[in-house]
Amino acid sequence: MSTTTPPLHRQTSQTSAPTTSQKTAHRVRVEFAGQSVEFGGPGVVVIAGPCSIESESHLLNTGREIASLGAVLLRGGVFKMRTNAASFQGIGEPAFEFLPRAKSAIGLPLVCEVTDPRQIEMMLATVDMFQVGSRNMYNYELLKELGRTDKPVLLKRAFAATVDEWVNAADYVVRGGNDRVVLCERGIRTFETTTRNTLDLNAVAWLKAHTSFPVVVDPSHGTGRRELVIPMALAGIAAGADGIICEVHPVPDQALSDSAQAIDFKMFEELVRKSRAVAASLDRTLAVLEKGRA
Ligand code: PEP
Ligand code: MN
């Protein structure tokens, strides 16, 4: 390990194997309207929603359906970090006019990607968990600024980051004063081309054994192919993940971003049903939104 002072949440001795297979997770609670959901407890958190929020009606339609099927946290991008500058960049700031209304109608907290420190203030009132995307994992000024907030942060792994670099990135938020960090494995770039990325489940098991961060698995970006989303979500839970995040769209082929990896409501229903069974086999449950804990 490269740092001399052991960062928070990390074992002081990285070279020796831990004496149990799992460290006790630091619990991170996401709050919304007098309710909350917890990462790092016995419940596996199911996060779902569109890659990009396309309109108010699109969000309402998707959000209501996934909430009824078992999602406890809504995802949706407003500022998109697209590889191609000509691709849909997200609807941006105008979304914040309808987001509070849509969230109340859906009844779920929202995790939304922040791509620039200048967006934080505008997002604070509406977003319940900040997502830092893969392309921004090394944006230390953004991480430091999120450390000055008290909102939970979902920190995605950069597609070419080592686990050590990723944990160090998390420490920027923690040392900034905010220890409500959840790590998200979303696949790394390898020589393999059949899938968009290679979902590194070794990293999930390693983080659970050696750090106390809750860990989420993203089988959507981790594979890039909708037929692989359910099996890899289940594999993620089997590897010890505290949550899964997946992209769902009413008509996947029409999604304005990441359509090849979007699943429809029927597949999402199957994902939740099978996730519950895998969680139960590990003496876990699927997390619920609890009243009165916020
Ligand atoms: C996303 O969640 O839609 C996204 C862009 O993810 P990533 O940063 O992992 O590519
Ligand atoms: Mn996406």
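Is D258 buried or exposed? D258 is buried, with a relative accessible area of 17%. I begin with this residue, and I should say at once that the model before you is predicted.

Let me turn to the metal site. D258 is one of the protein donors of the manganese ion, ligand 2, and contributes OD. The other donors are C51 through SG, H221 through NE2 and E247 through OE. The donors lie 2.0 to 2.4 Å from the ion. Along the sequence, their spacing reads C-x169-H-x25-E-x10-D. C51 sits in the loop between β3 (43-49) and α1 (56-69), while E247 belongs to strand β10 (residues 243-247), so this pair ties together parts that are 196 residues apart in sequence. C51 is buried, at 6% relative accessible area, and E247 is buried as well, at 1%.

D258 also takes part in a salt bridge. Its partner is R196, with the closest N and O atoms 3.2 Å apart. This contact links distant parts of the chain: D258 is in the loop between β10 and α9 (265-281), R196 is in the loop between β8 (181-185) and α6 (201-210), and 62 residues separate them. R196 is partly exposed, with a relative accessible area of 40%.

I come now to the other salt bridges, of which the count is 21 in total. Two of them involve helix α2 (residues 95-106). In one, E56 pairs with R101, the closest N and O atoms being 2.8 Å apart. E56 lies in helix α1 and R101 in α2, so the contact ties together parts 45 residues apart in sequence. Both residues count as partly exposed, E56 at 22% and R101 at 43%.

In the other, K103 meets D128, again at 2.8 Å from N to O. K103 is in helix α2, and D128 is in the loop between α3 (120-124) and β6 (129-132), 25 residues apart. Here both partners are buried: K103 has 5% relative accessibility and D128 has 8%.

A further group of charged residues, R27, R29, E38 and E290, is linked in a network of salt bridges.

Finally, the sheet. Three strands form an open, antiparallel sheet in the order β1-β2-β12. Its edge strands are β1 (28-32) and β12 (290-291), each of which pairs on one side only. Between β1 and β2 (residues 35-39), which run antiparallel, there are five bridges. In one of these pairings, F32 has Q35 of β2 as its bridge partner.

Note on methods. Residues are numbered from 1 along each chain as its sequence is written. Chains are lettered from A and ligands numbered from 1 in the order in which they are written. This is a predicted model: local features need pLDDT of at least 70, side-chain atom pairs count only at pLDDT 80 or more; totals for chains, interfaces and linings use all residues. Side-chain values use heavy atoms; hydrogens and water are left out. Donors are N, O and S atoms within 2.8 Å of the metal (3.2 Å for Na, K and Ca); water is not among the atoms, so sites may look incomplete. Helices (H or I, at least four residues) and strands (E, at least two) are DSSP runs, numbered from the N terminus. Buried means under 20% relative accessible area, exposed over 50%, partly exposed in between (1.4 Å probe, protein chains only). Two strands pair if DSSP finds at least two bridges between them. A salt bridge is a side-chain nitrogen of Lys or Arg within 4 Å of a carboxyl oxygen of Asp or Glu.
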